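Visitor: I would like to go through some labels used for this structure and ask what each one rests on. Could you show me the sequence and the model?

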Amino acid sequence: MLFINEWRFCLRQPLILVCMILIPIFGLILSSGAQEGSDNLGTQLQLAHIILLMMVLPIVLGTLSPIVFLRDTSHNMSELINSTPITHNKRWLLRYGTMVSLLFAIFVLCFAVVLVVYTAEFGFSTELFTITILNLLLLVLPSILFVTAFSLWLSTYWQSAMVMYVWTAALGIIYLLLG
């Protein structure tokens, strides 16, 4: 029940809804430039997934982390929230699960749009579907789990949105340099 309440809170935030709309549109724009004869289709799809992960994850994480993790301190409600019977660990675990599921849902939408574009252009292939599922489970999910855990640690340690923004900017730069 508490997890559903966290999701309800997230779905009422306009910035989260904008992300759920704009990120799949970005995936659509990125995947519409695929060419049939240039390379293996599976390799092109995997490259599109990696580019989406590297470009979108730092931006979405930096945008949504203060909304989910720092809402108590940003609205001066921490004393009221801390007086509820929910333990501190359970509250942060619920927010962590909400953030992970929210980011994963955004990436599932984005990868589904990319798969639909590839299917519409080149026809359905089980190889493309398998690559999409494997990339979601083996690339996206561990990345989301790690960076969300680090973001949660930052938000519990400093409780400042500016630290979150600086960290995600640094993460985006490092992520692009390593890629």
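Visitor: Why is threonine 132 called buried?
Guide: This is a predicted model, so every value here is computed from it. The relative accessible area of threonine 132 is 4%. Buried means under 20%, so threonine 132 counts as buried.

Visitor: Where does threonine 132 lie, and which residues does it touch?
Guide: Threonine 132 is part of helix α7, residues 126-157. Not counting residues up to four places away in sequence, threonine 132 touches Leu45, His49, Phe111 and Leu115.

Visitor: How many aromatic pairs does a search of the whole structure find?
Guide: The search gives eight aromatic pairs. One of them joins phenylalanine 107 and phenylalanine 111.

Visitor: What makes the pair of phenylalanine 107 and phenylalanine 111 edge-to-face?
Guide: Two values describe a pair of aromatic rings, the distance of the centres and the angle of the planes. For phenylalanine 107 and phenylalanine 111 they are 6.2 Å and 90°. Centres within 6.5 Å make a pair, and planes over 60 degrees apart make the pair edge-to-face. Both conditions are met, so the label edge-to-face applies to phenylalanine 107 and phenylalanine 111.

Visitor: Why are phenylalanine 107 and phenylalanine 111 separated by about one helical turn?
Guide: Both belong to helix α6, residues 88-122, and they are four residues apart, which means about one helical turn between them.

Visitor: Are phenylalanine 107 and phenylalanine 111 buried or exposed?
Guide: Phenylalanine 107 has 1% relative accessibility, and phenylalanine 111 has a relative accessible area of 1%. With the limit for buried at under 20%, phenylalanine 107 is buried and phenylalanine 111 is buried.

Visitor: Why is the pair of tyrosine 157 and tryptophan 158 given a label, and what is it?
Guide: Their ring centres are 4.6 Å apart and their planes stand at 90°, so this pair is edge-to-face. Tyrosine 157 has a relative accessible area of 55%; exposed means over 50%, so tyrosine 157 is exposed. Tryptophan 158, at 45%, is partly exposed, because its value falls between the 20% and 50% limits. Ring pairs also link tyrosine 157 and tryptophan 158 with Phe150, Trp153 and Trp167 into a cluster.

Visitor: How do you know that arginine 71 lies over the face of phenylalanine 9?
Guide: Arginine 71 is 4.2 Å from the ring centre of phenylalanine 9, and the distance limit is 6 Å. Arginine 95 lies over the face of tryptophan 92 in the same sense, at 5.3 Å from the ring centre.

Visitor: What span does α6 reach, and what is expected?
Guide: α6 has 35 residues and reaches 51 Å from its first C-alpha to its last, close to the expected 51 Å. After α6 comes glycine 123, with a positive phi near 90°.

Visitor: Where does α7 bend?
Guide: α7 bends by about 35° at valine 140, and proline 142 follows within four residues. α7 has 32 residues and reaches 45 Å, close to the 46 Å expected.

Visitor: Which residue caps the N-terminal end of α7?
Guide: Serine 125 does, with a side-chain oxygen 3.2 Å from the backbone nitrogen of glutamate 127.

Visitor: Why is valine 113 called partly exposed?
Guide: Valine 113, in helix α6, has a relative accessible area of 25%. That is neither under 20% nor over 50%, so valine 113 is partly exposed.

Technical notes. Residues are numbered from 1 along each chain as its sequence is written. This is a predicted model: local features need pLDDT of at least 70, side-chain atom pairs count only at pLDDT 80 or more; totals for chains, interfaces and linings use all residues. Side-chain values use heavy atoms; hydrogens and water are left out. Helices (H or I, at least four residues) and strands (E, at least two) are DSSP runs, numbered from the N terminus. Buried means under 20% relative accessible area, exposed over 50%, partly exposed in between (1.4 Å probe, protein chains only). Contact means heavy atoms within 4.5 Å. Rings of Phe, Tyr and Trp (its six-membered ring) pair if their centres lie within 6.5 Å; planes under 30 degrees apart count as stacked, over 60 as edge-to-face and the rest as tilted. A charge sits over a ring if NZ of Lys or CZ of Arg is within 6 Å of the ring centre and within 35 degrees of the ring normal. The expected span of a helix is 1.5 Å times one less than its number of residues. The bend at a residue is the angle between axes fitted to the seven residues ending there and the seven starting there. A polar contact is a pair of N or O atoms within 3.5 Å; within protein, one must be able to donate a hydrogen and the other to accept it, and residues adjacent in sequence count only if both atoms are side-chain atoms.
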